[in-house]
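Colleague: I am new to this model. Please put it up, and then let me ask some questions.

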Amino acid sequence: MTWMYALGSVVAVGLLIYLVAALLAPEKFS
Amino acid sequence: MTAHAWMLLAVYGIVLTMLSVPLGRFIAGVMEGRFGFARRVEAPLYRLCGVGADAEMGWLQYTLAIMVFNGIGFLAVYALQRLQLWLPLNPQGLANVSPDSSLNTAISFMTNTNWQGYGGETTMSYLTQMLGLGVQNFLSAATGIVVVIALIRGFARHSAAGVGNAWVDLTRVTLWVLLPLAFVVALLLVQQGVVQTFEPYKEVQTLETVKYQEPKIGPDGQPLKDAKGDPVMKDTSTDRQTLAMGPAASQIAIKQLGTNGGGFFNVNSAHPYENATPWSNFVEVLSIVLIPAALCFTFGHMVGDRRQGWAVFAAMGLMFLVLTVGAMSFEQQGNPQLAPLGVDQAERAAQAGGNMEGKEARYGIADSALWASATTLASNGSVNSMHDSYTPLGGMIPLLSIQLGEVIFGGVGSGLYGMLVFAIIAVFIAGLMIGRTPEYLGKKIEAYEMKMSSLAILIVPLLVLGGTAIAVMVDAGRATIANPGAHGFSEVLYAFSSAGNNNGSAFAGLGANTPFYNTMLGIAMWLGRFAVLIPVMAMAGSLAAKKRLAVTSGTMPTHGPLFVLLLIGTVLLVGLLNYVPALALGPVVEHLVLWK
C-alpha cells in the first residue's frame, strides 16, 4: 500500500459521500 | 451455432413460456389468498404462531420482519456448521467448519447467493446440507418472492398504508409454490439417476490403476517443502475411489427452482450424481428460469393488466436470447491456439466441436452454454461446465450477464424487482425526453422513487468495482490468484460480480476460501442483498400510498414494443457502462492476446 493508494482511496470515499449526499438532498446543493 | 443449438433454444423457449404462464397465474392466486383450501390449511399455522392473517404491515415493518427472519436463518446456518461434528447425520465424521468459512456460507445461503468457498462433499455433513443449506434454499427464495409481491402491491394498490403481511406471504409462497414444485422436480431427478440417500460414501475399485503425484507429509502433518518453498512430491498409485453420496436430489430441485445454485457436490451440476443425463440437465436448466419467468405473469395479473407482464417478459426474453446465442457462438468457434496443434474442433456426428475444455462430453457446447447463460442471467450460480475454461468472450457473457444486475429473469423475486426498478428509470428518462411527469402503471414517479431507484442501482457496482479494486491492490487478494495477468483479473472481477449481485457462480481459478475473500465476499453478498432490498421496499410503501392516475392520451403506454425497447436500452446502458473499463482490462485484453 503506497501513499498514492491511500490518497486515491481518500479522494474516492470523499467523492462517494458527496455524491450520495447530493442524491438524497439535492436542494442543499442548489 | 449448430442446428442442435438452435433446436435446443427453440424447445427451451417454448417449454419455458408454456409452463411459466399458468404458473404465474397460480402464484398470483396464491399470494392474493384466492384458494379456500389453502386458507383453511394456513389458518391453524397462523393461530399457532400468533400471526394475524389480515393484519397489514407498512413497508418498514414488512422489511424489518424479513430482516429478522433472515437474521435467524443466518445464525442457524452458522451454528450448524460450527457444531456439525457433534451433531447427527455426519457419517463421514466431517470436522466443524472454520469461523470465516462458516460466516461466508451463512451469509451466502441467507442472501440467496449460494457462493461456495468450500467443497460440499468434503466439508458439510448431511445435517448441515439439509437443515442448514437446504432450508435456506427455500427461505431465501421465499424472501425474494415476497419482496417483489410487496412491490407489485405498491403498484396495484392506491392510497394504502400497507403492502401485505410478511409472515403470511412467506408461508404461502413456501407452502404452495416452492415445496410442491421442488417435490415434483426432485422426483424427476431421482428418476433420472440423481442420488437421494443417507448411506455413507462408497469405496469402489476402479477399472484401471491410476498413477499420480501427491505432496509428502512431514512428521508434523504438514506438506514438506524444498529449499525453494515448493512442495516435495512423491509418486503414488491407487485402484480405489471414494464415491460421495448423500440426499442430493431434494437439494438440487430447490437449488434450481429457488435460483440458489449451491451444489451438493463441489463441481455442482457437472457431477453425474447431481446431473445424471441430458434429460436431468434439461429439467434443471428449465427449473432455473421457471419461477423468475412466471413472476412476470404474476405481475401482470396482480396489477390487472396482463400486457404489462408480457412486456417485461419480452424484454427479459430478448436479452436472454441474444446473450445465449453469443455464448454458444463464441464457444463453438473453439480455441485458435489449438488449431495449429492439429486438434479437430469442428462439429461432427461424434463430437460437439468447439472449445470443449472444462465442459462435459455428455452435454457439449450448446447445453453447457445455455446453462452458463441461464445460471448467470437468472442469479442461480449452479454450473454444469467450468466458466473459467471458456474462451475470453464466451466467458465474458456469463460475467456480463451477472453485471447487468441480475434483472434478465434474475433471482426469484429479486430479478423482477430489479427489472421494475429499471422500468421506473426508463419511464423517468422517457418523461424527461417528452417533458411530462413520468408515471408507471398509474403511479406518478417522483423524486423519492428516483432516489430509491438510484440507490438500488448504484450500490451493486460500487460493491463489485470497489471490492475488485481492493482485492487486486492488497497482498491477501493477489496471493490466491491462480492465473496472473488479464485472466486473473477476470477471476477476481467475476468473484465480486457474483457476490455483489447474489449470483454465486465462480470463475474458479481463484482460491477464495481464505479469511480475506470469505470476509470481503461475505460483505459484498450481505450489502448486495439488503442494500438493494430496503430501497425497493421503501418504494413499495411510497407507491402504495399514492393515488392512481387515470390513463389519458398523454400517458406513455408501457405494454408495447416501444417500451420494451426503451427498457432494454436502459438495462444495457446503465448496466453495461458501469463495467466497460473493467471488462476491457479482463476478458477483452485476453481475447486480443488469444486471437493476435
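Colleague: I will take contact to mean heavy atoms within 4.5 Å. Which pLDDT do local features need in this predicted model?

Modeller: Residues are numbered from 1 along each chain as its sequence is written, and chains are lettered from A and ligands numbered from 1 in the order in which they are written. Side-chain values use heavy atoms, leaving out hydrogens and water; in this predicted model, totals for chains, interfaces and linings use all residues, side-chain atom pairs count only at pLDDT 80 or more, and local features need pLDDT of at least 70.

Colleague: With which residues is Ile291(B) in contact, leaving aside its neighbours within four places in sequence?

Modeller: Neighbours within four places are left out of this list. The residues that remain are Leu23(B), Ile145(B), Val177(B), Leu178(B), Leu181(B), Leu257(B) and Val412(B).

Colleague: Which helix gives the most to the largest nonpolar core?

Modeller: A nonpolar core is a set of buried Ala, Val, Leu, Ile, Met, Phe, Trp, Tyr and Cys residues joined through side-chain atoms within 4.5 Å. The largest one has 169 residues, and Ile291(B) and Phe299(B) are among those with the most contacts inside it. With 17 residues, the top contributor to this core is chain B's helix α17 (residues 515-545).

Colleague: How much area is buried between chain A and chain B?

Modeller: Buried area is the accessible area (1.4 Å probe) that two parts lose on being put together, summed over both. Six residues from each of chain A and chain B make the contact. Carbon and sulfur atoms give 82% of the buried area, which is about 600 Å².

Colleague: Which three residues supply 67% of the area that chain A buries against chain B?

Modeller: No other three residues supply more. They are Tyr5(A), Leu23(A) and Leu24(A).

Colleague: How many salt bridges cross the interface of chain A and chain B?

Modeller: A salt bridge needs a side-chain nitrogen of Lys or Arg within 4 Å of a carboxyl oxygen of Asp or Glu. The side of chain A that touches chain B has six nonpolar residues, no polar and no charged. Across this interface, the number of salt bridges is zero.

Colleague: Is Lys359(B) buried or exposed?

Modeller: Lys359(B) meets Glu331(B) in a salt bridge, 2.6 Å from N to O. The two lie 28 residues apart, with Lys359(B) in the loop between α10 (306-333) and α11 (364-377), and Glu331(B) in helix α10. Glu331(B) has a relative accessible area of 0%. Buried means under 20%, exposed over 50%, partly exposed in between (1.4 Å probe, protein chains only), so at 9% Lys359(B) counts as buried.

Colleague: Which residues do salt bridges with shared partners join into one network?

Modeller: Lys546(B) pairs with Glu446(B), their closest N and O atoms being 2.4 Å apart. The pair is 100 residues apart in sequence. In another salt bridge, Arg478(B) and Asp475(B) both lie in helix α15 (residues 475-478) of chain B. The network consists of Glu446(B), Glu449(B) and Lys546(B).

Colleague: Which residues does His271(B) touch, not counting those up to four places away in sequence?

Modeller: His271(B) sits in the loop between α8 (248-257) and α9 (278-302) of chain B. At 15% relative accessible area, it is buried. A polar atom of its side chain lies 2.9 Å from the backbone nitrogen of Tyr273(B). Beyond four places in sequence, His271(B) touches Phe265(B) and Arg362(B).

Terms used: Ala, Val, Leu, Ile, Met, Phe, Trp, Tyr, Cys and Pro count as nonpolar, Asp, Glu, Lys and Arg as charged, and the others, Gly among them, as polar. Helices (H or I, at least four residues) and strands (E, at least two) are DSSP runs, numbered from the N terminus. A polar contact is a pair of N or O atoms within 3.5 Å; within protein, one must be able to donate a hydrogen and the other to accept it, and residues adjacent in sequence count only if both atoms are side-chain atoms.
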